[in-house]
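Grab a coffee and work through these three short exercises with the structure open beside you. Each task comes with a worked solution.

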Amino acid sequence: MAQKPSIPKGTRDFNPEQVAKRNYIFNTIRGAFETFGFQPIETPSFENSDTLMGKYGDEGDRLIFKILNSGDYLNKANTDAYEEKDSNKLTPSISEKALRYDLTVPFARYVVQHQNDIEFPFKRYQIQPVWRADRPQKGRFREFYQCDADVVGSKSLWQEVEFIQLYDTVFSKLQLEGVTIKINNRKILSGIAEVIGASNKLIDFTVALDKLDKIGEDKVKEEMLSKGIAQEGIDKLQPLFSLSGSFDSQIESLKTILSTSNEGLKGIEELAFIDNAITALGLKTATLQLDVTLARGLNYYTGAIFEVAAPKGVKMGSIGGGGRYDDLTGIFGLKDVSGVGISFGLDRIYLVLEELNLFPEAVNKNIEVLFINFGDNEALFSLKAINKLRANGINAELYPDAAKMKKQMMHANKRNIPFVVLVGEEEINSNTYTLKNMVTGTQDKIELEQLIETVKK
RNA sequence: GUGGUUGUAGCUCAGUUGGUUAGAGCGCCUGAUUGUGGUUCAGGAGGUCGUCGGUUCGAGACCGAUCUUCCACCCCA
């Protein structure tokens, strides 16, 4: 009757080694967040559907996991929608809750709900799992962790500057050198759309533009044309496709292209400010790159847009993203609270570190000393010593059963425990301990203090 | 949501045009060795071939459905 157990597609179990590695990343990110002055909050795994639906676009709505109502949900279902087999119409009547899709929208909800208790500007960080009903593929899961840091209540561009430094700090600490922090600005994208007369098709326009390095110039033009953007408008984009070179020179070219758009010029000004600051401050290992084709999260970003690409040669989608949203809390009724934030994709960073072999050896907090169990008298004597080792910060344990010695040694070996201590009748009588080094295979009969010293090294 | 791909022992994989009791390496268990693991030697256990159904005298192999894996698209961390 035993059924073969399994877990849902796109989810994973983590063994002790994997958890240790994940914690290493979590701790690095958390440490950086805290030194930058962010404070932690947590929100529920699931929210009311109204809070999430409609915030991520149609595509986003499709990817939100809906939770079926409890009880006799069909009884209260929208019968018309049921008859018509209209899932979108039926869903709200049978599902009132949904799993968190990201950490930004729940944060906006949090800010609005607790606005009277929050001292602005409010810098919060949040490290929790999110869920998406996506088809899994490389670096894409249905359950994964996001590590977000956001500031609300300040329009200062110094925040953008700090976030770029935060990215640089975290990836440098993780020894992940050579990441590219791409930056763009929604205002520039709006400006370009305005210049080519496609203001009302901003999303279609940017989605197509975003694919430039993937499908090439011709295909991008094709897609724009098919979305109803006029040929003469597309012709005006020509200088954009050949845009290259340093941050500065791209800025200069953009000034020409966007000379007739006030909004576009504003975007350029913002980017120039950020770039000047970063140039003056310097980055440790990351590179800041202006990428006008970068178009993410347009359903709520209004200013800067960030995306972090793994070092060259690593095939992986973005390992971080973020941006400024001037009115995210507006949809929940709180106006004029500007926010800006970034996110780290833990699971993808993990894959990248694994691929590049960048996890430190020491992440695995293993037991260091195993005491062989020879019987109750010896066990009691051993535990007294173990208590002293533990008090000295040494991870030590006693094998629980007085099993065959071979079995106990084998256990130590399989767990990669570096030291084994043998305490039998002989040792008890002379108040000594036989310490065996499992790597070299050598062993010595020594006193407890000496044992502690040896293991500590 | 669209297209493709994968599934055989705990793990990595073989398995000829459908033909008897489905194999290997590694791992696991027992012993050589009752206070010594990692090496060696001897022996041993372990599979309803993802699941359900169909074709056939006969299916691990062929067909269908379904689940799962990985990949691309859409979108995204």
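**Exercise 1.** Which residues does UniProt list for "binding site" in its unreviewed entry?

*Solution.* Bear in mind that you are looking at a predicted model. The unreviewed UniProt entry lists Asp102, Leu103, Thr104, Arg132, Gln146, Asp150, Arg296, Tyr300 and Tyr301 under "binding site". Let's follow up Asp150 and Tyr301.

**Exercise 2.** Take Asp150, then Tyr301, and work out whether each is buried or exposed.

*Solution.* Start by finding Asp150 in strand E6, residues 143-152. Its relative accessible area is 1%, so Asp150 is buried, the cut-off being under 20%. Next, check its surroundings: beyond four places in sequence, Asp150 touches residues including Phe38, Phe107, Phe122, Arg124 and Tyr325. With Arg124 there is also a side-chain polar contact of 2.8 Å.

Now move to Tyr301, in the loop that runs between strand E8 (287-290) and strand E9 (304-309). Tyr301 has 10% relative accessibility, so it counts as buried too. Outside four places in sequence, the contacts of Tyr301 are Arg186, Arg296, Gly322, Gly323, Arg324 and Tyr325. Arg296 is itself on the UniProt "binding site" list.

**Exercise 3.** Describe the second largest pocket: what volume does it have, and which helix gives the most to its lining?

*Solution.* First, the volume: about 320 Å³. Then the lining: 14 residues, with Met53, Lys66, Asn88, Thr91 and Pro92 closest to the centre. Helices H2 (49-52), H3 (57-63) and H5 (87-94) each supply at least two lining residues, and H5 gives the most, with 4. Finally, sort the lining by class: 2 nonpolar, 6 polar and 6 charged residues.

Technical notes. Residues numbered from 1 in each chain as written. Chains lettered and ligands numbered in written order. Predicted model: local features only at pLDDT ≥ 70, side-chain atom pairs only at ≥ 80, totals over all residues. Heavy atoms only, no water. UniProt positions renumbered as here; feature names shortened; annotations may be inferred. Buried < 20%, exposed > 50% of the residue type's maximum accessible area, 1.4 Å probe, protein only. Contact = heavy atoms within 4.5 Å. Polar contact = N/O pair within 3.5 Å; in protein donor to acceptor, adjacent residues only side chain to side chain. 1 Å grid on protein atoms, 1.4 Å probe; cavity = no way out; pocket = protein on both sides within 12 Å on 5 of 7 lines; lining within 4 Å. Points joined across faces, edges and corners; volume = space filled by probe spheres on them. Nonpolar A, V, L, I, M, F, W, Y, C, P; charged D, E, K, R; others polar.
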